[in-house]
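Here is a short briefing to read alongside the structure. Have the view open and follow along at your own pace.

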Amino acid sequence: MHTLLVTGGAGFIGSNFVHYVLGKYPDYAVVVLDKLTYAGNLDNLRDLTEGPRYRFVRGDIADAALVERLVGEHGVRAIVNFAAETHVDRSIMDPGAFIQTDVYGTHVLLEATRKCGLDRMVHISTDEVYGSVPTGLSTEEDKLEPRSPYAASKAGAELIAFAYHTTYATPVVVTRGANTIGPCQYPEKAVPLFTTNALDDQPLPIYGTGTAVRDYIYVEDHCAGIDLVLHQGEPGRAYNIGAGNEVNTVELAAAILDFLGKPHSLMRFVADRPGHDMRYALDTARLRALGWAPRYSFHEAMEKTVAWYRDNEWWWRRIKSGEYLEYYRKQYGRQPT
């Protein structure tokens with residue numbers, strides 16, 4: 001597995017994973033394939049120099065000829081697929097784009113893995129495929145009950161992946177990650193949205209009553225879990241990756257405001273998201289049995305994340321304009337001033 005094809009490697013978790021792998025394995029090389037849609041950002045990889053260990057290619061995972069050419073030219077032995085449309089709110093606005101990338105694109109990568117005889121493919125999925133979980137913890141054997149177009153597209157991709165394993169013995173594994181936080185996350189997601197708004201003394205838009213619960217994991221811990229599954233995961237199986245931090249949206253916003261020394265009066269409650277899942281929670285025993293455990297507590301992860309956005313305004317100020325403002329107006333009724 002000395003050369004990896006990391007799809008979606010200019011995005012949030014993907015770019016952090018590229019840095020993680022290149023830092024941990026001095027004999028590994030990474031080819032990044034990214035379409036550079038709105039959430040893909042070459043600034044996330046700007047400290048890397050193209051050479052024997054790193055190459056960036058702009059392209060679409062749905063382009064089968066391109067994927068197979070890259071696998072052959074670079075001697076790729078494994079694919080790690082982060083490429084996806086990922087935001088629930090946007091999937092409600094335009095579900096078709098999610099089906100094309102998340103489902104068909106995954107099929108293309110599975111075909112390349114099968115036809116080229118690769119050692120492994122890791123498909124990065126989400127805890128949202130389980131649907132809302134009022135009580136208890138989701139295990140990897142639970143029924144998938146996605147409730148948004150985004151979650152449904154990720155569940156569909158998983159089912160195709162498992163079908164390839166059953167039908168063709170394709171060596172694919174799936175990870176289902178909790179809400180991930182850290183550097184370089186596009187500011188449509190809750191933590192960077194709340195943080196950057198708070199830095200500008202703008203309201204923090206909270207859906208409904210703010211009681212929706214999520215598990216927040218630091219991106220480095222998430223990358224460590226993916227790395228372990230890449231090397232030790234059993235083909236044909238899924239692995240949950242979560243930190244066990246159950247925090248509702250009001251608590252999340254309060255933690256950010258307290259860290260920045262901003263008043264809680266910046267919280268603004270807005271109309272709830274259609275079909276809003278009120279809770280996700282993961283059982284991570286399967287991954288922990290391989291030796292994984294998160295390093296960062298919720299408060300440590302939040303402090304590192306919020307501090308990064310506070311100290312890197314150059315990264316997010318350019319993003320929060322143009323397309324972002326149009327999206328913000330549609331989603332929350334008005335743009336930040």
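The lining of the second largest pocket is made up of nine nonpolar, five polar and two charged residues. Please keep in mind that this is a predicted model. After the pocket, the briefing turns to a small group of strands and the helices that go with them.

**The pocket**
- In total, 16 residues line the second largest pocket.
- Those lying nearest the pocket's centre are Y38, G40, Y186, R318 and I319, so they are a handy selection to start from when you look inside.
- The volume of this second largest pocket comes to about 230 Å³.

**The sheet**
- Three strands form an open sheet in the order β7-β9-β11, and their pairing is mixed.
- At the edges sit β7 (179–181) and β11 (246–248), each of which pairs on one side only.
- On average, and with direction ignored, neighbouring strands of this sheet are turned by 50 degrees against each other.
- Three bridges join β7 to strand β9 (residues 213–218), and the two pair in the parallel sense.
- If you would like one bridge to look up, I181 has Y218 in β9 as its partner.

**Helices on the sheet**
- Helix α8 (residues 249–260) packs on the sheet, where it touches β9 and β11.
- The direction of α8 makes about 85 degrees with that of β11.
- Helix α10 (residues 298–311) also packs on the sheet, touching β7, β9 and β11.
- For α10, the angle between its direction and that of β9 is about 70 degrees.

Conventions:
Residues numbered from 1 in each chain as written. Predicted model: local features only at pLDDT ≥ 70, side-chain atom pairs only at ≥ 80, totals over all residues. Heavy atoms only, no water. 1 Å grid on protein atoms, 1.4 Å probe; cavity = no way out; pocket = protein on both sides within 12 Å on 5 of 7 lines; lining within 4 Å. Points joined across faces, edges and corners; volume = space filled by probe spheres on them. Nonpolar A, V, L, I, M, F, W, Y, C, P; charged D, E, K, R; others polar. Pairing = 2+ DSSP bridges. Helix = DSSP H or I, 4+ residues; strand = E, 2+ residues; numbered from the N terminus. Axes fitted to C-alpha atoms, helices over the stretch in contact; angles between N-to-C directions. Contact = heavy atoms within 4.5 Å.
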